[in-house]
Each structure stands twice: as structure tokens, then as C-alpha cells.
Amino acid sequence: MSDTSNVAVTMAVDTKKYGIRIHKAMFRQLGEPRHIQLLVNPEEGVVAIQTVEKEMSGGQTHRIVEKRMQSESSYEIYSRAFIRKLREVAPEIEDGGAYRLTGNIIPSLKVAVFSLKTLQRTDR
């Protein structure tokens, strides 16, 4: 049995607003966490959303707040630091652009993993 969920998940990245949009269905698949970390692994070319038990100091985590739900289906997080790091790792990401990443859930680790190879521009 594979440790990776067969269900593909997506994450939208908006460099104009420094926003990341995540579908609520993915939060359910991650166990409806109260806190998450946004991670970038430059060597592997991977972005991850990791659930964490509690908020960490230094702005490393994001608390999930119900009022930030942008619609019935998605949640939006704003992080200049994350978008800047993402742009360092993937120079094809342009200012003012909107992109989508596709990935998978690893249930045992409570993490969603997205390869930068799946990066697609969505606003053209």
C-alpha cells in the first residue's frame, strides 16, 4: 500500500497579492489542522504544506482562521516570505503572475507535497 494519497491536490500562488490559495478539501485530507507550515526545498524542487501541533515563534507557522476562508471551497494565506523564497527557487515565476501547483497528500506525515515541475501559469 502506498503512503501517498491517490487524490491530486492543488495550490494556487498569486505573486501580485503574495497569496496562496488552498482548497478546503485538502485541509480535510490533512486532518483539519489548526496550524500549518509552508515549506520550500530548493534541492528537491518541492513545496510542502505541513501540519503542526502548535504555533511556532518567528512567523514560521500560519494559524488557520475560519474567517480567512475566501469561499466555500478555499482558504487564502498571505506570505511575502514564502512567495519570495518560491521565486528564488523557481525564477520562471514572474511578478504579478498567478500559478497552480499540483501535488499529493502523504497521510502518515500529514503533509501535502507539490513538485515545482507541475508549476503552470493560470492568468494568460
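User: Is Y75 buried or exposed, and what is its relative accessible area?

Analyst: Burial is read from the relative accessible area, and residues under 20% count as buried. In this predicted model, Y75 has a relative accessible area of 0%, so the residue is buried. Across the chain, which has 124 residues, buried residues make up 42%.

User: How many aromatic pairs does a search of the whole structure find, and what is the geometry of the rings of F27 and Y75?

Analyst: Two readings are needed for such a pair, the distance between ring centres and the angle between ring planes, where an angle over 60 degrees counts as edge-to-face. The search of the whole structure finds 1 aromatic pair. Its rings, those of F27 and Y75, have centres 5.4 Å apart and planes at 85°, so the arrangement is edge-to-face. The pair links distant parts of the chain, since F27 belongs to helix 1 whereas Y75 belongs to strand 6 (residues 74–78), with their positions 48 residues apart in sequence. F27 also counts as buried, because its relative accessibility is 6%.

User: Which pattern of helices and strands does the chain follow along the sequence?

Analyst: The chain has 2 helices and 9 strands, and read along the sequence these follow the pattern β-β-α-β-β-β-β-α-β-β-β. For contacts between residues at least 6 apart in sequence, 64% join residues that are at least 24 apart.

User: Which residues does M26 touch, leaving aside those up to four places away in sequence?

Analyst: M26, which is placed in helix 1, touches V9, I49, I105, A112 and F114 when residues up to four places away are not counted. A relative accessible area of 2% means that M26 is buried. A C-alpha separation is a separate reading from a contact: the C-alpha atoms of M26 and A8 are 9.3 Å apart, and these two residues lie 18 residues apart along the chain.

User: Where does I83 lie, and which residues does I83 touch beyond four places away in sequence?

Analyst: I83 lies in helix 2, which covers residues 80–89, and with a relative accessibility of 2% this residue counts as buried. Beyond four places away in sequence, I83 touches V13, T15, Y18, G19 and I20. For G19 there is also a C-alpha to C-alpha distance, 7.8 Å, although I83 and G19 are 64 residues apart in sequence.

User: Which sign of phi do most residues other than glycine have, and what is the phi of Y18?

Analyst: Most residues other than glycine have a negative phi. Y18 is not a glycine, and yet its phi is positive, at about 55°. Y18 sits in the loop between strand 1 (8–14) and strand 2 (19–23), and because its relative accessibility is 22%, Y18 counts as partly exposed. Y18 is also among the residues that I83 touches.

User: What is the phi of E32, and where is the place of E32 in the chain?

Analyst: E32, also not a glycine, has a positive phi of about 50°. Its place is in the loop between helix 1 (24–29) and strand 3 (35–41). With a relative accessibility of 56%, E32 counts as exposed.

User: What area does the chain expose, and what share do carbon and sulfur atoms supply?

Analyst: For the surface, one reads the total area and then the kinds of atom that supply it. The chain exposes about 7,600 Å², of which carbon and sulfur atoms supply 46%.

Note on methods. Residues are numbered from 1 along each chain as its sequence is written. This is a predicted model: local features need pLDDT of at least 70, side-chain atom pairs count only at pLDDT 80 or more; totals for chains, interfaces and linings use all residues. Side-chain values use heavy atoms; hydrogens and water are left out. Helices (H or I, at least four residues) and strands (E, at least two) are DSSP runs, numbered from the N terminus. Buried means under 20% relative accessible area, exposed over 50%, partly exposed in between (1.4 Å probe, protein chains only). Contact means heavy atoms within 4.5 Å. Accessible areas come from the Shrake-Rupley method with a 1.4 Å probe; for residues, only the protein chains shown count as cover. Rings of Phe, Tyr and Trp (its six-membered ring) pair if their centres lie within 6.5 Å; planes under 30 degrees apart count as stacked, over 60 as edge-to-face and the rest as tilted.
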